[in-house]
Amino acid sequence: MNWKSFLLGAGVGIAGGYAVRELLTQKAAVTPEKALANAKAAFMADGQISGSWIQMKPEPYQNDQLHYNVYRGGISRKEGDEIVQYEFVADKDTGTILDAKKLS
């Protein structure tokens, strides 16, 4: 075995190990479309949805002492004879709805 082959193999192994470690440690963020689909599913349980929107760029959000990166969005839903609008905040990493409020 010559030293050049050994060093080349060791270098490739180290680079491959580093690349795999980086891929495994990255968090896969939820897409805005998936966060909106989660919100629609939650709101649809109480009535038919007539419209929805979501911001594509996440923004910082603080709830008490907890800090999140979130997507903001909205849902319009028919309740009785009127259309009611809601605004929601969904966690960028999990898609979980952190807050929702009825707009007047």
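**Close-up 1. Around tryptophan 53.** Here, contact means heavy atoms within 4.5 Å. This is a predicted model, and the view centres on tryptophan 53, which sits in strand E1 (residues 49-54). Leaving aside residues up to four places away in sequence, tryptophan 53 touches Leu36, Arg72, Gly73, Gly74 and Phe88. Its relative accessible area is 42%, so tryptophan 53 is partly exposed. Leucine 98 lies 45 residues from tryptophan 53 in sequence, and the two are 17 Å apart in space, C-alpha to C-alpha.

**Close-up 2. A salt bridge between two strands, E2 and E3.** Side chains of opposite charge can pair when their charged atoms come close. In this view, arginine 72 and glutamate 59 meet through their side chains in a salt bridge, 2.5 Å from N to O. The pair ties together distant parts of the chain, 13 residues apart: arginine 72 belongs to strand E3 (residues 66-79), glutamate 59 to strand E2 (residues 59-63). Arginine 72 is partly exposed at 22% relative accessible area, and glutamate 59 is partly exposed too, at 23%.

**Close-up 3. Glutamate 79 with arginine 77.** A search of the whole structure turns up 2 salt bridges, and here glutamate 79 pairs with arginine 77, their closest N and O atoms 2.5 Å apart. Buried or partly exposed: which word fits arginine 77? Arginine 77 has 5% relative accessibility, so it counts as buried. Glutamate 79, with a relative accessible area of 25%, is partly exposed.

**Close-up 4. A nonpolar patch on the surface.** Trp3, Phe6 and Leu7 make up this patch of about 390 Å². Phenylalanine 6 is part of helix H1 (residues 3-25) and, at 40% relative accessibility, counts as partly exposed.

Conventions:
Residues are numbered from 1 along each chain as its sequence is written. This is a predicted model: local features need pLDDT of at least 70, side-chain atom pairs count only at pLDDT 80 or more; totals for chains, interfaces and linings use all residues. Side-chain values use heavy atoms; hydrogens and water are left out. Helices (H or I, at least four residues) and strands (E, at least two) are DSSP runs, numbered from the N terminus. Buried means under 20% relative accessible area, exposed over 50%, partly exposed in between (1.4 Å probe, protein chains only). Patches are made of residues with over 30% relative accessible area and no salt bridge: like charges are joined within 9 Å, nonpolar side chains (Val, Leu, Ile, Met, Phe, Trp, Tyr) within 5 Å. Accessible areas come from the Shrake-Rupley method with a 1.4 Å probe; for residues, only the protein chains shown count as cover. A salt bridge is a side-chain nitrogen of Lys or Arg within 4 Å of a carboxyl oxygen of Asp or Glu.
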